[in-house]
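Let's take a walk through this structure together, one strand at a time. Have the sequence and the 3D view ready.

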Amino acid sequence: MRFPNVFVLLLIVFITCALLICINFFTIKILSANRAYVNGESHYSKGQKDAARHLITYLYTKDKKQWKLYLEELSVPQGDGLARKTLLKAGDNQIARQGFLNGRNHRDDLDDLVWLFVHFKEVPFLAKAIHEWEQGDKLIFELFVIGTEIDAKIKHSTLTPGQQRKFLEQISIISDRLTVNERNFSNTLGAGTRKIKDLLIIVNILFILIIVCSICLYYSIMVKRLLVSKKEIEVKNENLILVNHELDCFVYSASHDLRSPITSLKGLIKITQLEDSVVQIKDYLCLMEQSLAKQDQFISDIIDYSKNKRALIIMEPVSLRQLFEEAISQLMHIENASRIKFTKELLVDQIHSDSLRLKIIISNLLSNAIKYADANKQEMLISIKTSVNDGFNKIEVTDNGIGIKEEHKDTIFDMYFGTNKNKGSGLGLYIVKEAVENIKGNISVSSQTEIGSKFVVTIPNYYAT
Ligand code: ADP
């Protein structure tokens with residue numbers, strides 16, 4: 001089972017968190033600067049209105065104190081105007097910062113004011129607000145020019161009541177237009193701020209969803225992995241228990257089976273020592289030979305078992321014909337072997353497989369076919385067939401021997417299952433089955449008592465793939 005890499009998920013969470021922090025930091029900075037501008041606008045507006053009020057009072061009272069107050073209040077919007085102009089021309093600079101201070105902005109807001117202006121002056125809502133601000137500054141300049149004219153006329157005592165009315169009218173027109181500009185400025189900033197807030201909420205929700213989903217996915221993957229490794233451990237434990245059990249059986253039976261031929265040999269030697277008849281001694285010697293052959297077979301089975309367990313699978317070209325011929329010639333010593341008629345139909349000879357396992361399989365199947373041949377039959381037959389089918393090589397060993405009883409068919413591949421302890425150790429088919437599984441093959445048997453048995457081994461054809 002393939003899992004997505006959990007490190008990718010952790011990376012996504014990390015990047016999303018970092019982005020979330022950055023976006024929130026800059027958004028808060030923008031909102032804070034917007035607030036500073038709205039604050040500055042209220043000083044701008046109040047300064048302009050107070051200046052207009054003092055100018056009108058000066059127009060009618062000619063009180064110098066009112067003129068001074070007028071100039072003082074007018075310097076507030078003028079300071080902001082100076083900041084705007086120099087920021088547009090030169091970016092962040094000392095004159096602009098001093099201008100904002102003259103505009104009665106708080107010293108702590110200066111950085112945010114300058115930063116927003118310099119970096120976002122092209123952003124539509126801020127560009128619109130700056131445009132309104134520029135229009136306002138033009139009107140402030142007009143107010144300044146009118147103030148200068150009024151002051152000149154008062155100084156030269158040439159101010160007539162008609163001119164007073166005209167100036168008053170001009171001042172109130174400017175004030176009204178400025179009020180519109182100031183309102184537009186605040187509204188534009190307010191709308192921008194609301195948009196940023198909405199955007200921030202959406203981005204936050206989106207990013208938080210990404211983080212939550214990634215973390216959920218991460219945990220579900222980890223839980224799945226834990227479950228899979230738990231299952232693997234359980235399977236390994238079961239295998240270990242099985243292997244342990246097999247080992248126990250093996251040690252028990254091996255010690256017993258290794259000793260029994262020796263015990264019978266010892267007994268035969270003892271009675272031979274007491275025997276005088278040559279004929280009888282020859283019989284005893286025959287029995288001794290059988291005991292030794294049994295011992296030899298058992299040891300060779302154990303060697304096969306161990307080789308099959310330990311040796312690495314080596315895929316190489318193998319000749320099936322050669323393996324069959326070698327096996328038959330090595331098995332000719334078995335009783336009745338020379339009476340058996342072997343027929344071969346080898347449609348496949350050269351295959352690519354593990355020669356050690358194939359040797360074990362072929363030799364055991366043939367030795368069983370010989371051992372369990374039916375000596376009562378007129379003709380004892382063993383037929384060997386090889387073929388290739390659907391990417392698999394097929395090996396068939398058929399005999400017309402004694403056959404396998406129905407109740408034994410399920411157990412013949414078990415360790416130490418044997419129906420005749422004189423004929424074998426009961427390890428042969430168990431080793432064959434393991435060897436077949438080692439080369440990713442399959443074995444099946446069909447048999448009928450007194451008719452014969454057929455063993456079919458299929459193994460992957462690596463030449464074909
Ligand atoms: P053994 O050493 O007893 O031959 P195997 O594992 O090779 O052990 O075989 C298990 C049992 O299967 C045998 O005891 C025998 O009863 C049965 N058997 C195997 N091959 C044949 C065969 N070709 N014909 C009849 N019986 C067979």
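Two strands count as paired here if DSSP finds at least two bridges between them. With that in mind, turn to this predicted model and find β2 and strand β4 (residues 380-389): seven bridges link them, and the pairing is parallel. For a landmark within this pair, look at K341, which sits opposite L381 of β4.

Now step from β4 to β5. These two strands run antiparallel and are joined by eight bridges, with S383 facing T398 of β5. The hairpin that β4 and β5 form has two residues between the strands, and there D390 adopts a positive phi near 55 degrees.

What comes on from β5? Eight bridges pair β5 with β7, again in the antiparallel sense, and N393 has I459 in β7 as its bridge partner.

You can now put the whole sheet together. It is open, has five strands in the order β2-β4-β5-β7-β6, and its pairing is mixed. At the edges lie β2 (340-346) and β6 (442-448), each of which pairs on one side only. From one strand to the next, the twist averages 10 degrees. As you trace any strand, keep in mind that side chains in a regular strand alternate between the two faces of the sheet.

Finally, add the helices. Helix α8 (residues 320-331) lies across β2, β4 and β5 (392-399), and runs at about 170 degrees to β2. Helix α10 (residues 428-438) also packs on the sheet, where it touches β6 and β7 (452-460), and its direction makes about 140 degrees with that of β6.

Terms used
Residues are numbered from 1 along each chain as its sequence is written. This is a predicted model: local features need pLDDT of at least 70, side-chain atom pairs count only at pLDDT 80 or more; totals for chains, interfaces and linings use all residues. Side-chain values use heavy atoms; hydrogens and water are left out. Helices (H or I, at least four residues) and strands (E, at least two) are DSSP runs, numbered from the N terminus. Axes are lines fitted to C-alpha atoms, for helices over the stretch in contact, and angles run from 0 to 180 degrees between N-to-C directions. Contact means heavy atoms within 4.5 Å.
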